[in-house]
Amino acid sequence: MISVSNVSMRYGSKVLFEDVTATFIPGRRYGLTGPNGSGKSTFMKILTGDLDPQKGSVVRPRKCGVLRQDQFAFDAYRVLDTVIMGNKPLWTAMEERDRIYEKPELTDADGMRLGELEGIIGDEDGYSAESDAAVLLDGLDIPESLHERKMGELQGGQKVRILLAQALFGKPQALLLDEPTNYLDLDSIHWLQDFLNFYDGTLIVISHDRHFLNSVTTHTADIDYETIIAYTGGYDDMVMAKTQIRATLEAQNAQREKKIAQLNDFIARFAAGTRSSQVTSRRKEVERLQTTELARSNIARPYIKFDQARPSGKHVLEFKGVTKSYDHPIFDSFSANVMRGEKVCLMGRNGMGKTTLLKSLLANYPGLADPEFSLDAGAVTWGHEAQVGYFPQDIGAILADGVQHGLTVAQWLHQWKPEAHHEDIRGILGQMLFRGEEGEKQTAALSGGEQARLAFCKLILTQPNILIFDEPTNHLDLEAINALNIALQRYEGTVLLVTHDHDLIDEVATRLWVFRDGQIEDFQGPYAEWKGKHS
């Protein structure tokens, strides 16, 4: 069990949460929700003990599994050792045992201590630790060939999955996971969902994956209105309950305001007359009914709507025999035709070649081709009037010129359509939550989520008839991801989309390119049909 009592946190004049008291019960799985900047990660750090609250106290169990965000802290350690470190009592005992055995001669005290340490190691399942760690790593797609490697030799996405295995290791009484699905492919996300659904401790998880939250969580702790409110159910249940509660409060306030207006009208008409006792009575009633100002919600929902300046031809894209390899084949002689209005989702485990295929298709497209990338073989032909808008995985790359030249958000956006009116620029920025002075913010100062929203602004402004997205949800909060989902469903142009977001795949895609075992399956249909065929 984890409990917090009268916890408060603010930065300057901004209150994140005030006097929060809550209990997180074993056997329940809590989603910690709220928009970017609401204080989710801050609250999680308070729960883990990495940050002290400005006020209040926290009680936590002895053994907590925590997803660490520092990818470089374990670079000197083996992958297996990094996972085992998730059980601190076990790892401490193993380290002390090894230090004793390194002594040239052992004393009687050393022998006694070794016996105590072996007892701790046995109690903590230390004799099966490496095999238990290997099972976790396998589920998270870290192959056995990497288990003996040093962390410093691995890629960032692999490190994140190993740190997730570290958090899950050792049967912790509580799991505190901040964005555990980042850098996970869909298969790994599904494995994690199954693992967490059988976990019987206290789980608190931050995620921007709506399907993941709905599949895993039994309760939702929502940071809003300068407090944390607990709801029963997953994310969608919370949104429904929260909307109903807010609507009820606002309706009650509207009735009270109407009653106050009627009373004030009576007071104004008869204040100077003979009905002074009735006037006094109504003044007291007004004081009693004065509307208590509702705390302001910190949720901000962007409005995304992709239009086409003009439609493309019927045949959008044709490619034949596209081949690419590095130290091993990525894909060999893949061919396909894409028709106007199709929404193709590229699915598969990390490292299978999804981004490489997008780069291959853009290899001869003016302005979007990577100069350092070339096809091994094959031909790519874009159709009549094909106008491509591209959202790369490295979103910072498309803002590099703005950073280099010191451009503001508005200046950077305006350069993509110089003839656009300033009112149009401000309107699009406002849709994506760059309101007022936010439009004068330097591009160099933008967070990952702000960079993503600005990239959407460019696509809204330039109105391409083909949209290519490579992992667009990485830096978005749930409100922005939901807005993107709706926008892509309504978009009348053509979409190529790489994502591990289950709901985006399920609700947007009309066609799938599935990467597995060095092959690409071209499935003509939505995800539900593909899943039914392969279940």
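The legends below describe three close-up views of a predicted model. Local features need pLDDT of at least 70 and side-chain atom pairs count only at pLDDT 80 or more, whereas totals for chains, interfaces and linings use all residues. Residues are numbered from 1 along each chain as its sequence is written, and side-chain values use heavy atoms, with hydrogens and water left out.

**View 1. Helix α7 and its buried side.** Helix α7 (a DSSP run of H or I, at least four residues, numbered from the N terminus) comprises the twelve residues 186–197 and reaches 16 Å from its first C-alpha to its last, close to the 16 Å expected at 1.5 Å a residue, where the expected span is 1.5 Å times one less than the number of residues. Its buried residues (under 20% relative accessible area, 1.4 Å probe, protein chains only) are Leu186, Ser188, Ile189, Leu192, Gln193 and Leu196. Because they cover an arc of only 155° around the axis, taken from the directions to the C-beta atoms, they lie on the same side of α7.

**View 2. The surroundings of His502.** His502, which lies in helix α17 (residues 502–508), counts as buried because its relative accessibility is 7%. Not counting residues up to four places away in sequence, His502 touches (heavy atoms within 4.5 Å) Leu186, His190, Asp209, His211, Tyr527 and Lys531.

**View 3. Strand β14 and its partner.** Strand β14 (residues 388–391; strands are DSSP runs of E, at least two residues) is covered on both faces, with Val388 and Tyr390 buried on one side and Gly389 and Phe391 buried on the other. β14 pairs with strand β15 (residues 466–470) in the parallel sense over four bridges, pairing requiring at least two bridges found by DSSP, and the bridge partner of Val388 in β15 is Ile466.

Note on methods: Buried means under 20% relative accessible area, exposed over 50%, partly exposed in between (1.4 Å probe, protein chains only).
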